[in-house]
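Hi,

Here is the structure I promised to send over. Have a look at it first, and then read on for what turned up.

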Amino acid sequence: MTAILVTGIGELVTLDPEQPEATPTDRADVGALGLVHDAALVVHDGTIAWVGRASAAPGADQRLDLAGRALLPGFVDSHTHLVFAGDRAGEFEARMRGAAYDGGGIGSTVAATREATDDELRALLAQRIAELRALGTRVVEIKSGYGLSVEDELRLLRLAREVTPHVTFLGAHVVPREYAADRAAYVELVTGLMLAAVTESGCAAYLDVFCEPASAHAFDGEESRAILLAGRAVGLGLRVHGNQLGPGPGVQLACELGAASVDHCTYLTDGDVDALAGSSTVATLLPGVEFSTRHPYPDARRLLDAGVTVGLASDCNPGTCYTSSMPFVVALAVRECGMTPAEAVYAATAGSGRSLGLDRRIVVGAPLDLADLAVLDAPSHVHLAYRPGLPLARPLLPAAAAAAPATSPD
Ligand SMILES: [Zn+2]
């Protein structure tokens, strides 16, 4: 197999604080990134074969010079709702004129999605995947949740599974309109027939629930507990939408039941923060939602200072955040959630990766290929937040396809 030397890396984000060639720093946030300046790495057969200073790099079959650009693991977007039809621009526009968000608009996306054919949904999904890949995202989690019937949830999970292994069953997104008068019957369906069909399909790795007593459409603590326990009983990992619209039981429930992640975390009590700090559950912040709903942003500083593992994700969905741009999320997290640029980059790669059971460090032996890396048209990770709104991040692979043969004989 071909060994490819990537050199001329102005700043390499290894996510490895033990990296011996990392530039020394007394800042813990920067140290966590394991930054190597004037770096190079060798990828061989889908594995990182060498990492260090460019001046000490070994030879390789092919060579790619990044001319001083920064290189990092591709972003991990651990929370999206990408399989849907229709858009809700009108709802966004109404919110910007002062209308409140209560989770009720999801029903209109359910109707549009149920009407769409598989091929229509597949084409929409492909377009959205292309968008996020172009901005440096490598790993994406996708939830169902706009089907809300056995047949339609299975359909969305199958379509999601065609593009990623990180698929989450979100039958408990909201109570669909046809069950509005009998919520218990819908919970019974989700935990019974629907979950059985999902398990049999083998398409989902996780189960998620929108635990939000502040919304009449979402699920309260007891409903959420029943749904999560049912998912755990059939071997699915757990994820929770919690504490988005107000204080609630979502975070505590996620920590108690060993969820991989609890997402949003906008309204937290001291007890919630303590529970997160004492658990292995990742607190995943989705500040694109607060941007799009004009709600208060989550306080990442408070979580980080308490020792909580924080992730960042887009929550790309047609209602409350119709962007999959992780650079935008990083910029928001820095500007609005109290994170340093280093903390935000760490959260958008290592933190969100951890919530999917992934190790994203660029270390020798790691199963990472060129396609797993993102390059910045900038010398440092700081530029992601410093120069918001610009397409600085992109996948390394298209450039790698043009890698020139090595000029040296070795
Ligand atoms: Zn969501």
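In this predicted model, 7 strands form an open sheet with parallel pairing, in the order 8-9-10-11-12-13-14. The edges are taken by strand 8 (142-143) and strand 14 (310-312); each has a single partner strand, so one side of each is left without a neighbour in the sheet. At the strand 14 end, the partner is strand 13 (residues 282-285), which runs parallel to strand 14 and is joined to it by 3 bridges. If you want a spot to zoom in on, T284 stands opposite G311 of strand 14. Helix 5 (residues 150-161) packs on the sheet, where it touches strand 8 and strand 9 (167-172), and its direction makes about 165° with that of strand 9.

Next, the interior. The largest nonpolar core counts 132 residues, and L71, V330 and A333 have the most contacts inside it. Which helix gives the most to this core? That is helix 12 (residues 326-336), with 8 residues. Both domain 1 (3-74 + 361-405) and domain 2 (76-355) supply at least three residues to this core. As for V330, its contacts beyond four places in sequence are L312, A344, V345, A348, L384 and A385.

A word on confidence before you start: the mean pLDDT of the protein chain is 95, with 97% of its residues at 70 or more. Please take care with residues 399-410, though, where the pLDDT is below 50; in the model this stretch has 18 contacts beyond near neighbours in sequence.

Happy to talk it through whenever suits you.

Best wishes

Conventions. Residues are numbered from 1 along each chain as its sequence is written. This is a predicted model: local features need pLDDT of at least 70, side-chain atom pairs count only at pLDDT 80 or more; totals for chains, interfaces and linings use all residues. Two strands pair if DSSP finds at least two bridges between them. Helices (H or I, at least four residues) and strands (E, at least two) are DSSP runs, numbered from the N terminus. Two residues are in contact if their C-beta atoms, placed from the backbone, lie within 7 Å. Axes are lines fitted to C-alpha atoms, for helices over the stretch in contact, and angles run from 0 to 180 degrees between N-to-C directions. A nonpolar core is a set of buried Ala, Val, Leu, Ile, Met, Phe, Trp, Tyr and Cys residues joined through C-beta atoms within 7 Å. A residue is buried if 20 or more other C-beta atoms lie within 10 Å of its own, exposed if 12 or fewer, and partly exposed in between; C-beta atoms are placed from the backbone. Domain bounds come from an automatic or database domain assignment. pLDDT is the predictor's confidence in each residue, from 0 to 100.
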